[in-house]
Amino acid sequence: MKALLICSGGFDSVTLAYRLAAEDSLGALLTFDYGQRHKKEIGAARLCAERLGVPQLVMDIGHIGRQLSGSALTDDIDVPHGHYSEENMKVTVVPNRNAIMLTIAFGVAAARGLDTVALAVHGGDHFIYPDCRPDFIRLFGEMQARALDGVAEVALLAPYVDADKTEIARDAARFNVPVAETWSCYEGGDIHCGRCGTCVERIEAMALAGVSDTTPYQDDQFWRDAVARAK
């Protein structure tokens, strides 16, 4: 297997990159610039590609992203703070984002002779993001098999789709991922805010997994109250 990994530069996708590289299954990284406010993740993906010695393809789809308005990730809307289980986190949804990215990724993989598209969606995403759920992943893979019938055979790999982020944190330790070099924060500031949904989830996962996190956060205690409220 040689995989084209959709890699944002975040904790999840970089961890999957290191896992695939350890298995000698990583062919290239594909990173999307869709107009997200947290563009620092693109640089983190670039550093990941350099460290693993694979190409990084950066796809500018900002013209598409500008039409997917209404999300705190792309528009001038305050990024909500708290746990992903809270209703206010739905403002971070970018409509059809994964479906769009995967469609492009399958075409790129087919054109480059790669036999797999890999994606680091996980169980913690299911409540908020419909295009991260197991049924979507299964059906999308089936649809692409038909779209490329007779052209190329490209599988869809989402190894964390039924797992929680704690399993990703364990893999980060197992494969020696430089966690502090990944970028997750939706705020896009100088350092991780520690309060947005993805920061809270990231800190919680590493704490539950017993994994050391050297990432600097503006607030490294907020997550405890956010998790307690979610329960």
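# A walk from Thr198 through the helices

Begin by selecting Thr198, which is a buried residue with a relative accessible area of 8%. The model you have open is a predicted one, and in it Thr198 belongs to helix H7. If you show the surroundings of Thr198 and set aside residues up to four places away in sequence, you will find that it touches Tyr84, Ser184, Cys185 and Tyr186.

**The whole chain**

Before going further, zoom out and colour the chain by secondary structure, which comes to eight helices and five strands. Following the chain along its sequence, you meet these elements in the pattern β-α-β-α-β-α-α-β-α-β-α-α-α. The chain has 231 residues, of which 53% count as buried. Consider next the contacts between residues at least 6 apart in sequence: 71% of them join residues at least 24 apart.

**Helix H6 and its ends**

Now select residues 165-174, which form helix H6, and pick out Lys165, Thr166, Ile168, Ala169, Asp171 and Ala172, the residues that are buried there. An α-helix has 3.6 residues a turn, so residues three or four places apart point the same way. Against which helices do the buried residues of H6 pack? Display residues 11-22 and residues 197-209 as well, since the partners of these buried residues are helix H1 and helix H7.

Move to the N-terminal end of H6 and show the side chain of Asp164, which caps the helix with a side-chain oxygen placed 3.1 Å from the backbone nitrogen of Thr166. Then go past the other end, where Asn176 comes just after H6, in the loop between H6 and H7. The phi of Asn176 is near 55°, a positive value in a residue that is not glycine. Is Asn176 buried or exposed? With a relative accessible area of 64%, Asn176 is exposed.

**Where H6 meets H7**

Keep H6 and H7 on display and turn the view until you can see both axes, which lie 8 Å apart, with the helices packing at an angle of about 65°. This angle makes H6 roughly perpendicular to H7, and the crossing of the two helices is right-handed. To see the contact itself, select Lys165, Thr166, Ala169 and Arg170 on the H6 side, together with Glu201, Arg202, Ala205, Met206, Leu208 and Ala209 on the H7 side. Coloured by class, the residues in this contact of H6 with H7 divide into five nonpolar, one polar and four charged.

**Thr15 in helix H1**

Next, select Thr15, which is found in helix H1. Thr15 counts as buried because its relative accessibility is 0%, and buried means under 20%. Show the backbone of Phe11 too, and you can find its oxygen 2.7 Å from a polar atom in the side chain of Thr15. What else is in contact with Thr15, once its neighbours within four places in sequence are left aside? The residues to display are Tyr160, Ile168, Asp171, Ala172 and Val177, and Ile168, Asp171 and Ala172 are among the buried residues of H6 that you selected earlier.

**Where H1 meets H2**

With H1 still in view, add residues 40-52, which make up helix H2, and notice that the axes of H1 and H2 come within 11 Å and cross at roughly 15°. This makes H1 roughly parallel to H2, and the crossing by which H1 passes H2 is right-handed. To look at the contact, select Val14, Ala17, Tyr18 and Ala21 in H1, and then Cys48, Arg51 and Leu52, which they meet in H2. Sorted by class, the contact of H1 with H2 has six nonpolar residues, no polar ones and one charged residue.

**The loop after H1 and the end of the chain**

Continue from H1 towards strand S2, which spans residues 26-33, and stop in the loop between them at Asp24. Although Asp24 is not a glycine, it has a positive phi of about 55°. Asp24 is exposed, with a relative accessible area of 56%.

Finish at Lys231, in the segment after helix H8, which covers residues 222-230. Lys231 is exposed, having a relative accessible area of 83%. For a last step, select His83 as well and draw a line from C-alpha to C-alpha: Lys231 and His83 are 148 residues apart in sequence, and 9.9 Å apart in space.

Terms used
Residues are numbered from 1 along each chain as its sequence is written. This is a predicted model: local features need pLDDT of at least 70, side-chain atom pairs count only at pLDDT 80 or more; totals for chains, interfaces and linings use all residues. Side-chain values use heavy atoms; hydrogens and water are left out. Buried means under 20% relative accessible area, exposed over 50%, partly exposed in between (1.4 Å probe, protein chains only). Helices (H or I, at least four residues) and strands (E, at least two) are DSSP runs, numbered from the N terminus. Contact means heavy atoms within 4.5 Å. A polar contact is a pair of N or O atoms within 3.5 Å; within protein, one must be able to donate a hydrogen and the other to accept it, and residues adjacent in sequence count only if both atoms are side-chain atoms. Axes are lines fitted to C-alpha atoms, for helices over the stretch in contact, and angles run from 0 to 180 degrees between N-to-C directions. Angles under 35 degrees count as roughly parallel, over 145 as roughly antiparallel, 65 to 115 as roughly perpendicular and the rest as oblique. A crossing is left-handed if the near helix is turned anticlockwise from the far one by less than a right angle, and right-handed if clockwise. Ala, Val, Leu, Ile, Met, Phe, Trp, Tyr, Cys and Pro count as nonpolar, Asp, Glu, Lys and Arg as charged, and the others, Gly among them, as polar.
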